[in-house]
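Q: I would like a close look at one part of this model, with the rest brought in afterwards. Which residues line the second largest pocket?

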Amino acid sequence: MRPLVAHIDLDALRHNYQLACSCAPQSRSVAVIKADAYGHGALECAHALEADVPAFAVASIEEALHLRSGGITKPIILLEGIFSADELTLVDQHGFWISVHSEWQVTALLAFSPRQPIPVWLKVDSGMHRLGFSPKEAPAVWQQLANAPQVTALHLMSHFATADAHEGSYFNQQMSILTELAEQLKAPLCLANSPATLAWPAAHGDWNRPGVMLYGSDPLEVANDITRQLRPVMSLRSEIIALRELEAGESVGYGGRWRAERRSKIAVVAAGYGDGYDRHAVDGTPVLVNGQRCAIAGKVSMDMLTVDVTDIPDAAIGSEVVLWGASVDGAVLPVDEVARYCDTISYTLLTGVLPRAPRRYHGACV
């Protein structure tokens, strides 16, 4: 079989979830597993976490139904709510929770007759300017929902625009708006995403929503003692499938972007943008070969990429190549570091790994 495999460490996933809980021991932490658990496999990750989590969060009802059909029984919240009124029948049937961020959703909910009241998280736009009612609109909508027989377990929800930043002025501005509103409404809060969970205790409400940190990625601009405890969940590994000796001045790959400055040894690796590895990776993007750091040389192709292994004498056909994550021997290449060389973020790399790279699951909970 082609050697490229995305190895998923479910023990690391559970470790990272427990780390999120330890950051905010007075809060309940929803496990965010939208976008197929950030590319890791939503159903497998949900089964690994279900004994520990009070609820899961996804983006859409399709994602929620996938979990239910796979045997997940814990509450599931739809972070973007319903996309059409007829979805409320499925919400009621399967016991989903919903966010409400638009007037039409309120109207649809109040016109519906559920078998049991539906838990609702009212989304307020405190400064992200994406979804949610304005702070001025929110009190009237809150009272409308609080008095509705269709609604139970009403919470106030928002999203931070800059919680990943070391400088906190805009974060504090959003927190001030939300704190004042929560006091006015006597509302339980669900605010903290991964960076707020890790770095902003003031945002730890009744519920938190850790997402990318569960998968071992550090979402902060500046790492702290907590983020250094995160463990990579996905290790994207392949092997060397060919070796080439180049003389000084010879080039590699499409467009001849990389040119040897000395006599060099180039390894061809079975991985490319057809597998989801980012084509924007520049020369010098790190990889691990036999646990040792080296670098991409030349443009990424659809099925292959090339690496300068001149300084790795034991590099051979069949040698392990780690594109991000952990090697078999435990050396680690953070996905966040690779993302910086690709001028992107870890979320893009992790969710971009295509089905052609099979997932293999490891850990005590498999």
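A: The answer starts with the pocket, moves to the strands beside it, and then turns to the parallel sheet and the cavity.

The model is predicted, so local features need pLDDT of at least 70 and side-chain atom pairs pLDDT 80 or more, while totals for chains, interfaces and linings use all residues. Numbering runs from 1 along each chain as its sequence is written, and side-chain values use heavy atoms, without hydrogens or water.

The second largest pocket is lined by Arg244, Leu246, Val252, Gly253, Ile266, Val268, Lys299, Ser301, Met304, Leu305 and Thr306. A pocket is an open set of points on a 1 Å grid over the protein atoms alone, with protein on both sides within 12 Å along at least five of seven lines; lining residues have an atom within 4 Å of a point. Strand 11 (234-246), strand 14 (264-269) and strand 17 (305-308) are the elements that give two or more residues to this lining. Helices (H or I, at least four residues) and strands (E, at least two) are DSSP runs numbered from the N terminus. The space in the pocket comes to about 150 Å³, counted as that filled by probe spheres set on grid points joined across faces, edges and corners. Six of the lining residues are nonpolar, three are polar and two are charged (Asp, Glu, Lys and Arg are charged; Ala, Val, Leu, Ile, Met, Phe, Trp, Tyr, Cys and Pro nonpolar; the others, Gly among them, polar).

Gly298 sits in the loop between strand 16 (292-296) and strand 17. With a relative accessible area of 0%, Gly298 is buried (under 20%; exposed is over 50%, partly exposed in between, with a 1.4 Å probe and protein chains only). Beyond its neighbours within four places in sequence, Gly298 is in contact (heavy atoms within 4.5 Å) with Val252, Arg257, Trp258, Asp283 and Thr306. Val252 and Thr306 also appear in the lining of the pocket. From Gly298 to Ser134 the C-alpha atoms are 49 Å apart, and the two residues are separated by 164 places in sequence.

Strand 17 pairs with strand 16 in the antiparallel sense over two bridges (pairing takes at least two DSSP bridges), and Asp308 in strand 17 is the bridge partner of Ala295. Strand 16 also pairs with strand 15 (residues 286-289), again antiparallel, over four bridges; here Leu288 stands opposite Arg293. Strands 15 and 16 form a hairpin with two residues between them, and Asn290 in the turn has a positive phi of about 50 degrees.

Elsewhere, nine strands make an open sheet with parallel pairing, in the order 2-10-9-8-7-6-5-4-3. Strand 2 (28-29) and strand 3 (31-32) are its edges, each pairing on one side only. Strand 5 (residues 76-78) and strand 6 (residues 97-100) are joined over two parallel bridges, with Ile77 opposite Trp97. Helix 6 (residues 103-110) lies across strand 6, strand 7 (118-123) and strand 8 (151-157), at about 135 degrees to strand 6 (axes are lines fitted to C-alpha atoms, for helices over the stretch in contact; angles run from 0 to 180 degrees between N-to-C directions). Strands 7 and 8 pair in the parallel sense over five bridges, Leu122 being matched with Leu156 in strand 8.

Five of the seven residues of strand 8 are buried. Ala153, in strand 8, is partly exposed at 41% relative accessible area, and has a positive phi of about 50 degrees although it is not a glycine. Most residues other than glycine have a negative phi. Tyr38, in helix 2, likewise has a positive phi, about 55 degrees, but Tyr38 is buried, with 7% relative accessible area.

Helix 2 (34-39) is among the elements that cover the buried residues of helix 3, together with helix 1 (10-23), strand 3, strand 4 (56-58) and helix 4 (61-69). In helix 3 (residues 42-49) six of the eight residues are buried, namely Ala42, Leu43, Cys45, Ala46, Ala48 and Leu49.

There is one cavity of 30 Å³ or more, a cavity being a set of points where a 1.4 Å probe fits but cannot get out. Its volume is about 40 Å³. Lys123, Val124, Asp125, Ser126, Met128, Arg130, Leu131, Ser158 and His159 line this cavity, giving three nonpolar, three polar and three charged residues.
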